[in-house]
Amino acid sequence: MQSKLLIPALLLAAGAAHAEGLPGVSDGAGPNLVIEVADSTGAAKGKIVLDLYADKAPKHVERLVSLAKSGSYDGVVFHRVIDGFMAQTGDVEFGKHGADTARAGMGGSSMPDLAAEFNDVSFQRGTVGMARSQDPNSANSQFFIDLAPAEFLDGQYTVVGQLVDGWDVLNAIKKGDPAANGSVVEPDYMVKVTVEE
């Protein structure tokens with residue numbers, strides 16, 4: 001199976017994004033994904049809240065909500081985190097904390113891949129997008145949250161939402177090795193993912 005990477009190799013020199021908050025960002029109609037984050041030892045790091053854009057990417061949002069409600073995202077690691085770019089998670093097949101995560105980033109869910117729902121939302125700090133392989137219609141369960149503006153992804157990846165709370169938690173997620181395309185050793189993980197309608 002082809003790895004669901006955002007972009008080939010290390011086109012990642014987006015500006016640093018270590019701001020304290022995200023001014024001008026408000027919680028929309030939702031639904032919201034509430035993600036409790038822990039480090040590799042299970043120590044709580046806090047929670048992040050993602051406002052999902054059901055009006056912009058209905059099929060993708062439906063998938064995220066379904067996987068969260070079924071508990072599929074619980075225990076899934078942030079397998080690829082690139083400082084100044086993004087944090088990627090959601091591999092429910094190969095990315096479970098406590099299991100062998102050597103193939104994390106190459107899997108999806110038992111559901112079929114989704115057709116792209118590209119929209120007019122630009123990738124900025126906190127933007128949530130769906131990861132995919134080279135095929136634009138290959139998004140499944142993996143998603144990423146931008147740590148910095150990444151307009152070069154606009155129109156190439158489906159935007160599904162925006163971080164509305166927990167920027168400090170997101171920014172503190174353990175970063176990966178830039179020389180290994182952001183692969184994280186002993187990664188942080190999503191302890192519990194719930195949906196607020």
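Biologist: Where is the place of N181?
Modeller: This is a predicted model, in which local features need pLDDT of at least 70, side-chain atom pairs count only at pLDDT 80 or more, and totals for chains, interfaces and linings use all residues. Residues are numbered from 1 along each chain as its sequence is written, and side-chain values use heavy atoms, with hydrogens and water left out. Helices (H or I, at least four residues) and strands (E, at least two) are DSSP runs numbered from the N terminus. N181 is placed in the loop between helix 2 and strand 9.

Biologist: Is N181 buried or exposed?
Modeller: Buried means under 20% relative accessible area, exposed over 50%, and partly exposed in between (1.4 Å probe, protein chains only). The relative accessibility of N181 is 16%, so N181 counts as buried.

Biologist: What is the phi of E186?
Modeller: E186 lies in the loop between helix 2 and strand 9 and is exposed, at 53% relative accessible area. Most residues other than glycine have a negative phi. N181 has a positive phi, near 55 degrees. E186 is not a glycine either, yet its phi is positive, at about 50 degrees.

Biologist: Which element gives the most to the largest nonpolar core?
Modeller: A nonpolar core is a set of buried Ala, Val, Leu, Ile, Met, Phe, Trp, Tyr and Cys residues joined through side-chain atoms within 4.5 Å. The largest one has 33 residues, of which L50, Y73, F143 and L170 touch the most other members. Elements supplying at least two residues each include strand 2 (44-52), helix 1 (58-69) and helix 2 (167-171). With five residues, the top contributor to this core is helix 1.
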